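Here is a friendly walk through one protein model. Take a look at the sequence and the structure first, and then we'll go through a few spots together.

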Amino acid sequence: MIRNKIKRLAAGVAAFMLAFSMTACGGKKDEKKTDTTDVTTQATEASSEDVTEGGGDSGIDLSKIDSKEYAVIMGNGFNLGNTMEAADATRPGDYPHQDISYYETLWSQPITTQQMIDDIKNSGLDTLRIPVAWANTMDFVNGDYTINEAQLARVKEIVDMAYNAGLYVIINDHWDGGWWGLFGSADPAKREGAMEQYKAMWTQIAEYFKDYDLRLVFEGGNEEIGDRLNDINADWNKDGAVLTKDECYAKANEINQTFVDLVRSTGGNNAERFLLIPGYGTDLTQTLDSRWHMPTDTASGKLFLSIHYYTPWSYCGSTGSSTWGTRRNYEEMNTLLADLYEAYGKDYGIILGECGVLPTSNGEAKPNTILWYKNFYANCDKYGFVPLLWDTGNIIKKADGSWFSDEIRDFVLSQSNESRKDMTEDEIKAAADKTIEEGLAAAPETFDTDQKLAGDGTAIAWIMWDSQDWNIVYSVGDTYDPDSKTAGIVATDVEVTGEGTYTIGLDFTGTDAGVSTSTAFSAIGIANAEELFPGYVINIKEVLINGEPYKLHGRNYTSSDDGLCTRSNLYNEWVPAVPDDARTIGGGTTGCSPTVLDQKDLGEIKTIEITFEYRPGEQGISPNDANSKN
């Protein structure tokens, strides 16, 4: 067992360490601070050879444990969000025309202080992730990949603050103005330059920090090592998005392998440093795809996998959905995290590098936030995952260290090592299993008793909806979930019994905003229809916006992403072309579009009503085929 193995590792240095008890997801609150007068050369206060690599307050020799064991002592963690990763994509390499503090405060954050870092530690958290935008001071557009010394020094100051507070630390490259999109440029020279930039960046970072002990973890990137390699950003990258999905996967694997090989080659403590590998876009499901794999490593057991968890996004990451806690919600979380463990958790430590439920726009906890946290942290305990809360000053207020919710603060503190130091690992896992079982048993099937459910195999038609500002949402995704919605929405969802004409709709007037501002994503969905009515098509006959007819911008088509839910996209900018499996009544796809609604002309929507014909159709012919039928 990890907990007992670490205890055995520490037995020979008991005189130099505090009594402690590790948990899979608990942080350890400890007032003892490490002297970091010369942090690049010191390790820990202990003089024993067994602890010279440093284990923070634990006294463990980190060089002698693997990432699964390290995950135990990293505990719960936190992100210093919107701070060192704040980037001005319109002015790459503008430093030194701007003071380095310009970037740290660019996204409305204060200058980081030791007190702010101490407040994180005193909240029962043991790991700090510091996202960084290194390209802020690179003139990479002109081929200069030099990171200015002032930026390296400022990141070092914050790392030292975290060491001084007794925290484990992660630094990465984080969005960084979107330079990652150069990997998908149509210009081969730009694609080659992107890899040169990546290598130059990590060579400088690795060399600068190579004498830091193993409490410092390097993370090779963030969410960009995936589909966002195709991002198009700013004037210096207008010709991107040329990589296919397969090519994005291949490039992500290449980047991750390059990162590991490069860091190891710099020597010093980097030869054994723990490295955090971003999954594909840090997305759980896409990382489980067989096209993605962990890199190889010359060091044994020193790789972590990073996944971000904001599921469902409409509840966790935006103000769209106001509730969580149905049986479906519990089952989704439990299944996803179990799948992650089965795929990678047996071989690698897993860090959920960003997670949590963001507060409402007025700074309050959403209904049932505590239920999400309890079930999530219980899963982390069960599988040995490290959760790192994402925060930009909304969870812990930087002015005084207070939390947005006393209930959430008290819960996080209850998960700390200090609070659970008398519990064994078996007791912690048993408590986690009990929490998961009780949460699922108490969960209702639905909060909205007026809505029909599709779980019994019924075909239900509805409008999936995200407003342009992501603040209004209704049942987005191929699983019909009428509880995933903004409070006040009145939906007209209908049961589909076969061929015929149906009308569905959404009324936004009862929401706080009273309207939906255009749309960021929308589609017609029919749950279970691929099984019940295979080959049928959705043919839109009329769309009413605020009661007035709306002229579609192209023809709609029918397809399915999961082989169960039938879908017809209304506005989906992530689908650049009509898919090969598109169906229409006549079979032809000429004039079809995944964006039949135009985001620019929708304006404020009070109501939307769609009438469609549902009948057998034919699989489409390539839209470029001159013989396509209409």
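Which residues form one aromatic cluster together with Tyr309? The members are Tyr309, Trp372, Tyr373, Phe376, Tyr377 and Phe411.

Before going on, a little housekeeping. This is a predicted model, so local features need pLDDT of at least 70 and side-chain atom pairs count only at pLDDT 80 or more, while totals for chains, interfaces and linings use all residues. Residues are numbered from 1 along each chain as its sequence is written, and side-chain values use heavy atoms, with hydrogens and water left out.

**Aromatic rings**

The structure holds 37 aromatic pairs. Rings of Phe, Tyr and Trp (its six-membered ring) pair if their centres lie within 6.5 Å; planes under 30 degrees apart count as stacked, over 60 as edge-to-face and the rest as tilted. Tyr309 and Phe376 are stacked, because their ring centres are 5.5 Å apart and their planes sit at 20 degrees. This pair links distant parts of the chain, with Tyr309 in strand 6 (residues 303–309) and Phe376 in helix 11 (residues 369–383), 67 residues apart. Helices (H or I, at least four residues) and strands (E, at least two) are DSSP runs, numbered from the N terminus. Tyr309 counts as buried at 1% relative accessibility, and Phe376 does too at 0%. Buried means under 20% relative accessible area, exposed over 50%, partly exposed in between (1.4 Å probe, protein chains only).

Another pair is Phe533 and Tyr614: with centres 5.9 Å apart and planes at 90 degrees, it is edge-to-face. Phe533 comes from the loop between helix 14 (529–532) and strand 16, and Tyr614 from strand 21, 81 residues apart. Phe533 and Tyr614 are both buried.

**An open sheet**

Strand 21 also belongs to an open sheet of 5 strands, in the order 11-13-21-16-17, with antiparallel pairing. Its edge strands are strand 11 and strand 17 (548–549), each pairing on one side only. Two strands pair if DSSP finds at least two bridges between them. Here are three of the pairings:

| Strands | Bridges | One facing pair |
|---|---|---|
| strand 11 (residues 490–492) and strand 13 (residues 500–507) | 3 bridges | Val490 and Asp507 |
| strand 13 and strand 21 (residues 607–616) | 8 bridges | Thr503 and Thr611 |
| strand 16 (residues 536–545) and strand 21 | 9 bridges | Ile538 and Tyr614 |

Asp507 is also the bridge partner of Thr607 in strand 21. Tyr614 has Gly500 as a bridge partner as well.

**Helix 4 and a loop**

In helix 4 (residues 114–122), the buried residues include Met116, Ile117 and Ile120, and also Asp118, Asp119 and Lys121. What covers them includes strand 1 (77–79), strand 2 (127–130) and helix 5 (149–164). Just after helix 4, Gly124 takes a positive phi of about 90 degrees.

Is Asn270 buried or exposed? Asn270 counts as buried, because its relative accessibility is 0%. It is found in the loop between helix 7 (245–265) and strand 5 (275–278). Beyond neighbours within four places in sequence, Asn270 is in contact (heavy atoms within 4.5 Å) with Ala206, Glu207, Lys210, Phe218, Val263 and Arg264.
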